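Have the model open in your viewer and keep the selection tool at hand. We will go from stop to stop, choosing something to select and then saying what is there.

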Amino acid sequence: MNYKKGVLLITLGTTAIFFSVYWMLFNTDCTWTDLLNQYAYFTNQVALLTGLYFILIGISYCGARQLQHFLFHPAVKTAAAAYVTIVGLGYYAGVIPFSLFTSEQLYVGDIQSVYLHAVHPLIVLFFYFKTPFLTKNNIGRPLLTLSAISIYPLGYLFYAQIAAALRQFYVYPFLDPAVMGGMDNVLLVSAAVLVVGIGIIAAYCRFERKKGGRARRRVAGL
């Protein structure tokens, strides 16, 4: 048992979840529609999932070691790393340049957005690269793992479009036909985003398979 690491991970996970609900906690006028809109953001969903993931890992370090067989499985770790990479890449390569060259200061003006887009992904990736690999559970079927991990980003794009159609709330500008100049452009850009996302997942699967096949370390710490 490693209580210090456990407490640290539980704290980091709780912090991510706190910031994912931060806006709703301090907005007394928050409605169910506002709640749905907030969790239509990929960033908030990923923060909630990876925050819970960190909490469970922390609990495993504090004594529930049986959880580690699942939590440290390469497919689970790869999913967490890939999803936060998509969030971070979208922020650093998309949002910041867009904000610099336009008057739209999207997601750069408050601590919640900066933490979830810029800080939390780096924390998760640090954990990912510092966590020992499980040689017995390395990715044996890369295509199957890639397909399974890609289900969530693919499903998210469909969810975002359906939510936009029902509530007229476009989570991201590239999903809004009025901004993009038509639905054809929305589909084209969405396909490009999906290809990039799947490419990121594929890169992590390859990395995990390559390292997992050679490493012989025990699951013991960061």
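Contact, on this tour, means heavy atoms within 4.5 Å. With that in mind, and remembering that this is a predicted model, select Met183 to begin. Leaving out residues up to four places away in sequence, Met183 touches Gln161 and Pro177. Met183 itself belongs to helix H10, which covers residues 183-214. Is Met183 buried, exposed or partly exposed? Its relative accessibility is 38%, and because buried means under 20% and exposed over 50%, Met183 counts as partly exposed.

**The whole chain**

Now zoom out and colour by secondary structure. The protein chain holds 10 helices and zero strands, and the pattern read along the sequence is α-α-α-α-α-α-α-α-α-α. Colour by accessibility next: of the 222 residues, 43% count as buried. If you draw the contacts between residues at least 6 apart in sequence, 75% of them join residues at least 24 apart.

**Helix H1**

Select residues 3-20, which make up helix H1. H1 has 18 residues, and at 1.5 Å a residue these should span 26 Å; the end C-alpha atoms are 26 Å apart, so the two values agree. Which residues of H1 are buried? Pick out Gly6, Leu9, Gly13, Ala16, Phe19 and Ser20. While you look down the helix, recall that an α-helix has 3.6 residues a turn, so residues three or four places apart point the same way.

**Helix H4 and Ser60**

Move on to residues 42-61, helix H4. Its 20 residues reach 28 Å from the first C-alpha to the last, close to the 28 Å expected at 1.5 Å a residue. H4 is mostly covered, with 15 of those 20 residues buried. Step past the end of H4 to Gly63, which follows the helix and has a positive phi, near 145 degrees.

Go back into H4 and select Ser60. Its relative accessible area is 0%, so Ser60 is buried. Show the polar contacts here: the side chain of Ser60 reaches the backbone oxygen of Ile57 at 2.6 Å. Setting aside neighbours within four places in sequence, the residues in contact with Ser60 are Arg65, Leu67, Gln68 and Leu71.

**The cavity**

Next, turn on a cavity display. Rolling a probe the size of a water molecule over the atoms shows where empty space is left. A search of the whole structure finds one cavity of 30 Å³ or more, and the largest cavity holds about 30 Å³ of space. Which residues line the largest cavity? Select Tyr53, Phe54, Lys77, Ala80, Ala81, Val124, Phe127 and Tyr128 as sticks. By class, this lining has seven nonpolar residues, no polar ones and one charged residue. Helices H4, H6 (74-101) and H7 (111-130) each supply at least two residues of the lining.

**Tyr92 on H6**

Stay with helix H6 and select Tyr92. Its relative accessible area is 41%, so Tyr92 is partly exposed. Add His117 to the selection and draw a distance between the two C-alpha atoms: they are separated by 8.4 Å, although the residues are 25 apart along the chain.

**Tyr156 on H8**

For the last stop, select Tyr156 in helix H8, residues 142-167. Buried or exposed? Tyr156 is buried, as its relative accessible area is 6%. Not counting residues up to four places away in sequence, Tyr156 touches Ala40, Tyr41, Phe42, Gln45, Val171 and Tyr172. Finish with Tyr41 from that list: Tyr156 and Tyr41 are 115 residues apart in sequence, and their C-alpha atoms are 9.2 Å apart in space.

Conventions:
Residues numbered from 1 in each chain as written. Predicted model: local features only at pLDDT ≥ 70, side-chain atom pairs only at ≥ 80, totals over all residues. Heavy atoms only, no water. Helix = DSSP H or I, 4+ residues; strand = E, 2+ residues; numbered from the N terminus. Expected span 1.5 Å × (residues − 1). Buried < 20%, exposed > 50% of the residue type's maximum accessible area, 1.4 Å probe, protein only. 1 Å grid on protein atoms, 1.4 Å probe; cavity = no way out; pocket = protein on both sides within 12 Å on 5 of 7 lines; lining within 4 Å. Points joined across faces, edges and corners; volume = space filled by probe spheres on them. Nonpolar A, V, L, I, M, F, W, Y, C, P; charged D, E, K, R; others polar. Polar contact = N/O pair within 3.5 Å; in protein donor to acceptor, adjacent residues only side chain to side chain.
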